[in-house]
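This note sets out numbered points on the model shown below. Please read each point alongside the sequence and the coordinates.

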Amino acid sequence: MHFYEICHTSVIRDKRLELPKEFTVKYGKKLSDNAIIKVPHGIWHIGLRKDEGVISFENGWPEFMEFYSICVGHVMFFRYDGNSEFQLHIFGKDATEIDYPCHNNDNANHKDEMTSTHSDDDEVEVVSIHSGSTQSNYEPSMTSESSLNQNAKPAGHKFPQESRKQRTVVPTRLFHSKAFQATLKAADEFRSENPFYKLTMQASYIKANVRVPNDFADSYLRNKTQTKITLGIPDGRTWEVEYVLRTPTERRLSRGWYRFVADNHLKEGDVCVFELVDREKIQMNVHIFRLQKRFVTPEMKNYAAGFQATLEAAKGFTSENPFFKVVMHTAYINGGMVTVPAVFATSHLTNIKQMMITLRVSDGRTWEVVYVSQTPTNGRISQGWAEFVADNDLKEGDVCVFELVDRRKNFEMNVYIFRLKYSID
């Protein structure tokens with residue numbers, strides 16, 4: 001089951017996220033007290049709060065939001081996989097999916113299945129074969145560590161005849177994913193007359209330095225113990241990194257590599273092809289094949305774009321009268337109430353515990369609703385709100401602007417509705 005949630009002010013204020021009523025009715029009884037939320041490059045264990053038929057992400061949720069910088073206007077797409085496990089993708093205010101930092105899951109003492117591990121049960125050992133002159137120009141394989149262009153070899157060097165295993169720590173779940181296999185396939189199609197090798201980015205390569213395959217180093221970096229290598233990408237930018245021979249069987253790109261990773265937003269599962277284009281100056285072109293995000297559909301992207309367009313339209317509203325804006329979400333649609341922002345309430349509804357407010361829409365229709373304030377910063381419109389929602393066919397993602405036009409005897413507000421023009425069935 002898929003569902004989406006829009007981050008609104010109450011999610012920030014209450015430090016929890018309420019799950020949709022339809023989801024709760026269907027799966028609520030089967031949920032444990034803790035949910036597993038999987039995002040690219042991270043797994044989180046979030047406590048579930050169950051209260052009179054309402055289920056919310058709560059314990060650990062504020063830390064989750066802070067880690068991914070989720071704020072008002074972000075859209076979160078969930079897929080429920082059963083057993084209290086959720087897949088989640090997050091879209092920012094620019095209607096594009098966010099860049100996910102790696103998360104080591106410190107909040108639950110569990111290994112992050114989306115990053116490198118060191119257990120044979122969780123890893124896939126990938127084999128690169130370097131045979132000799134009979135080897136084809138490029139050996140398509142499931143390789144994620146290195147593949148060498150065998151014809152482009154220096155004179156006098158002979159590749160080993162035996163197959164040689166080169167281990168890369170790639171989490172099993174990631175390795176067998178369709179997205180990762182598609183990324184490998186795209187990288188396999190790379191061709192060049194120049195020598196090259198490919199590496200799959202793993203957690204240690206993202207956070208520290210990256211190894212250079214021994215066969216490649218023996219062939220093209222012979223007698224080099226420490227030297228500068230220039231890495232370039234198709235847009236013309238270049239980075240200078242340091243190549244270091246630590247031991248006869250361990251060669252690394254170290255100083256400067258982290259900057260290359262950060263500037264190019266490399267993520268675990270991306271595949272980089274390093275093409276040696278100048279052997280004298282030791283310059284390499286790096287071709288990046290990015291791991292495609294999972295289960296993100298065109299419909300999701302279109303929804304995120306449509307929602308941001310709705311927000312932009314509502315931002316264009318201006319008036320000499322005081323007003324506030326509210327993004328409609330599940331609780332406001334189905335919960336029979338809507339929160340009035342504390343800043344507005346303390347400025348224009350001071351010392352009011354309860355009163356009637358008239359809501360008016362553009363065609364002249366009106367509704368009487370009740371405003372209730374338990375504290376100066378906790379005002380809400382309750383009685384009569386459900387009828388207003390139903391009569392105006394409000395949907396999640398719509399934005400309502402409430403303009404206070406009369407505050408003398410009978411408080412009256414004009415309500416302007418900016419409708420989300422895209423929905424996901």
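1. Strand 14 (residues 226-232) and strand 18 (residues 283-289) run parallel and are joined by three bridges. Within this pairing, L231 stands opposite M284 of strand 18. Two strands are taken to pair if DSSP finds at least two bridges between them; strands (E, at least two residues) and helices (H or I, at least four) are DSSP runs numbered from the N terminus.

2. The model is a predicted one, in which local features need pLDDT of at least 70, side-chain atom pairs count only at pLDDT 80 or more, and totals for chains, interfaces and linings use all residues. Residues are numbered from 1 along each chain as its sequence is written, and side-chain values use heavy atoms, with hydrogens and water left out.

3. Strand 18 also pairs with strand 17, here antiparallel and through seven bridges. D278 faces Q283 of strand 18. Strands 17 and 18 form a hairpin with four residues between them, and I282 in the turn has a positive phi of about 55°.

4. Strand 17 (residues 271-278) also contributes F274 to an aromatic pair with W257 of helix 8 (residues 257-263), so the contact ties together parts that are 17 residues apart in sequence. The W257 and F274 rings are tilted, at 6.2 Å centre to centre and 35° between the planes. Rings of Phe, Tyr and Trp (its six-membered ring) pair if their centres lie within 6.5 Å; planes under 30 degrees apart count as stacked, over 60 as edge-to-face and the rest as tilted. W257 is buried at a relative accessible area of 0%, and F274 is likewise buried at 0%. Buried means under 20% relative accessible area, exposed over 50%, and partly exposed in between (1.4 Å probe, protein chains only).

5. By the same ring rule, the count comes to 34 aromatic pairs. One of them joins F3 and F23, tilted at 5.2 Å centre to centre with 45° between the planes. F3 lies in strand 1 (residues 2-6) and F23 in helix 2 (residues 21-27), 20 residues apart. F3 counts as buried because its relative accessibility is 8%; F23 is buried at 0%. Both belong to one aromatic cluster, whose members include W44, F57, W61 and Y80.

6. Strand 1 is also part of an open, mixed sheet of seven strands in the order 1-6-7-3-4-5-2. Strands 1 and 2 stand at its edges with a single partner each, so one side of each is left without a neighbour in the sheet. Strands 4 and 5 are antiparallel and share four bridges, with D51 opposite V54 of strand 5.

7. A second open, mixed sheet of seven strands has the order 19-24-25-21-22-23-20. Its edge strands are strand 19 (323-327) and strand 20 (338-340), each pairing on one side only. Strand 21 (residues 354-360) runs antiparallel to strand 22 (residues 366-373) through seven bridges, and M356 stands opposite V370.

8. Which residues lie nearest the centre of the largest pocket? They are R16, E18, V54, S56 and A331, out of 30 lining residues. Elements that each supply at least two lining residues include helix 1 (9-14), strand 4 (42-51), strand 5 (54-57) and helix 10 (330-334). A pocket is an open set of points on a 1 Å grid over the protein atoms alone, where a 1.4 Å probe fits, with protein on both sides within 12 Å along at least five of seven lines; lining residues have an atom within 4 Å of a point.
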